[in-house]
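Visitor: Could you walk me through this one and tell me where the labels come from?
Guide: Sure, have a look first and then ask away.

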Amino acid sequence: MLLELTDDQEFFRDTTDRFLSAKVPVAELRRLRDDPVGYPSDYWRKGAELGWTSLLVDEERGGGSISGSGLADLTLVAHEFGKHAAPGPLLPNNVVAALLNAHGSVEHDAVLEELLAGSATAAWALARPNPKSLVAVPATSVTIDGDHVVVHGTKRPVEAAAAADHLLVVGRTGEGLSQVLVPRTADGVTVKVLQSVDLTRRYAAVDFDSVRLPLSALVGEPGQAHADVTRGCELAIVISCAESVGAMQSAFDMTLEWAFDRYSFGRALASYQEIKHRFADMKMWLEASHSAADAAASAVAANTPNSAEVVSAAKAYIGHYGEELMQDCVQIHGGIGVTFEHDLHLYSRRASANRSTFGTPADHRQRLADIALRQEATV
């Protein structure tokens with residue numbers, strides 16, 4: 001999380017923290033773990049009133065930011081979501097809102113208004129990227145047929161799809177990418193709920209069986225969505241990294257408190273040299289992850305030429321060392337750390353789920369290597 005917050009940002013962060021503590025404490029998260037939606041009925045609407053949904057949308061369309069950088073402000077919310085292992089479609093809703101905001105139309109503005117108000121939610125149907133590209137997708141096709149667009153194929157995993165009102169689908173049109181805004185209730189759309197390691201978020205597989213919609217459902221020009229999808233991926237990774245760092249922070253704080261309270265052979269566990277060394281390593285990983293997440297957010301917000309490199313570096317580092325930190329937290333807790341009744345696993349699950357979405361650490365290390373090779377070839 002940003003080291004220096006303005007008074008408005010601190011108030012925004014603290015308001016989100018207090019709201020999540022009141023609405024979705026751990027006991028409520030456990031109660032909701034088998035709920036198909038995963039959060040209370042009024043939870044998301046009230047979150048929208050706090051500003052969770054509008055930060056990546058222009059003011060003339062009903063959005064706005066706290067500090068002038070909507071993405072930086074959104075990372076504060078995402079950090080608190082990770083810190084509380086909070087439910088809700090924060091990532092997909094904001095990515096879809098940002099992409100709709102970039103291509104305004106009468107139909108899309110009406111949907112955007114619903115998303116900002118929290119009266120509807122959206123999911124981004126983008127397939128898992130391959131190791132070479134953040135925007136590679138499987139054979140989901142978007143075909144132009146006269147005055148209609150036809151979507152055919154399958155997307156999985158799609159976060160928050162089962163409860164979403166709208167699905168922004170990425171598919172291929174010839175050699176290019178297209179995006180289509182599909183109502184979840186449209187004929188030919190089938191949503192199958194998937195099991196996830198993250199107990200507080202919901203994922204699904206979505207089948208599109210020749211779904212036919214008017215051309216106005218296209219978001220942008222057909223076959224020309226590569227830049228938008230790349231932008232969406234970068235936004236998603238920034239939000240995901242901020243969430244993961246929040247989860248890491250909670251796990252670290254919880255473990256540190258445990259180590260001082262737990263006595264072994266008449267001494268606090270935290271007094272043993274080996275434990276001190278592990279905490280030193282974990283603290284270094286945690287602070288570096290904070291910095292990496294902030295650097296990625298700044299680069300994407302400013303649309304810098306090296307944003308792809310900074311984003312992949314953050315994703316690779318946080319994904320790798322977040323897993324190391326979580327495993328150390330479990331080990332220091334001992335047997336109690338692996339029980340379902342302990343709260344630690346909620347944060348570990350959040351970090352694990354984020355680690356594997358939008359590219360694994362290995363995928364992003366390969367991407368960094370590819371970028372370095374291209375740069376070397378141009379010298």
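**Rings, helices and a few odd backbones**

Guide: Let's start with a charge over a ring: the charged end of Arg-267 sits over the ring of Tyr-272, 4.3 Å from its centre.

Visitor: What makes the charged end of Arg-267 count as sitting over the ring of Tyr-272?
Guide: The label needs NZ of Lys or CZ of Arg within 6 Å of the ring centre and within 35 degrees of the ring normal. Arg-267 is 4.3 Å from the centre of the Tyr-272 ring. There's another such case: Arg-30 lies over the face of Phe-340, at 5.5 Å from the ring centre.

Visitor: Any ground rules before we go on?
Guide: This is a predicted model, where local features need pLDDT of at least 70 and side-chain atom pairs count only at pLDDT 80 or more, while totals for chains, interfaces and linings use all residues. Residues are numbered from 1 along each chain as its sequence is written, and side-chain values use heavy atoms, with hydrogens and water left out.

Visitor: Why is the pair of Phe-19 and Trp-52 called edge-to-face?
Guide: Rings of Phe, Tyr and Trp (its six-membered ring) pair if their centres lie within 6.5 Å; planes under 30 degrees apart count as stacked, over 60 as edge-to-face and the rest as tilted. The structure holds 10 aromatic pairs. For Phe-19 and Trp-52 the centres are 5.5 Å apart and the planes are at 80°, so this pair is edge-to-face.

Visitor: What makes Phe-19 and Trp-52 a link between parts of the chain?
Guide: Phe-19 lies in helix 1 (residues 7-23), and Trp-52 is in the loop between helix 3 (43-50) and helix 4 (70-84), so the pair ties together parts that are 33 residues apart in sequence. Helices here are DSSP runs (H or I, at least four residues) and strands likewise (E, at least two), numbered from the N terminus.

Visitor: How do you know whether Phe-19 is buried or exposed?
Guide: Buried means under 20% relative accessible area, exposed over 50%, and partly exposed in between (1.4 Å probe, protein chains only). Phe-19 has 15%, so the label is buried, and Trp-52, at 0%, counts as buried too.

Visitor: Which label fits the rings of Tyr-43 and Trp-52?
Guide: Their centres are 5.8 Å apart and their planes at 65°, so this pair is edge-to-face. Ring pairs link Phe-19, Tyr-39, Tyr-43, Trp-44, Trp-52 and Phe-81 into a cluster.

Visitor: Why are helix 4 and helix 7 called oblique to each other?
Guide: Angles under 35 degrees count as roughly parallel, over 145 as roughly antiparallel, 65 to 115 as roughly perpendicular and the rest as oblique. Helix 4 and helix 7 (residues 226-261) pack at an angle of about 40°, with their axes 7 Å apart, and are therefore oblique. Those axes are lines fitted to C-alpha atoms, for helices over the stretch in contact, with angles from 0 to 180 degrees between N-to-C directions.

Visitor: What about Glu-59: buried or exposed?
Guide: At 63% relative accessibility, Glu-59 counts as exposed. Glu-59 lies in the loop between helix 3 and helix 4.

Visitor: Where are the odd backbones?
Guide: Phi of Asn-303 is near 55°, a positive value in a residue other than glycine, and Asn-303 is exposed at 54% relative accessible area. Phi of Phe-358 is also near 55°, but Phe-358 is buried, at 16%. Then there's the peptide bond from Arg-156 to Pro-157, which is cis, with omega near -10°. Pro-157 lies in strand 3 (residues 148-159).
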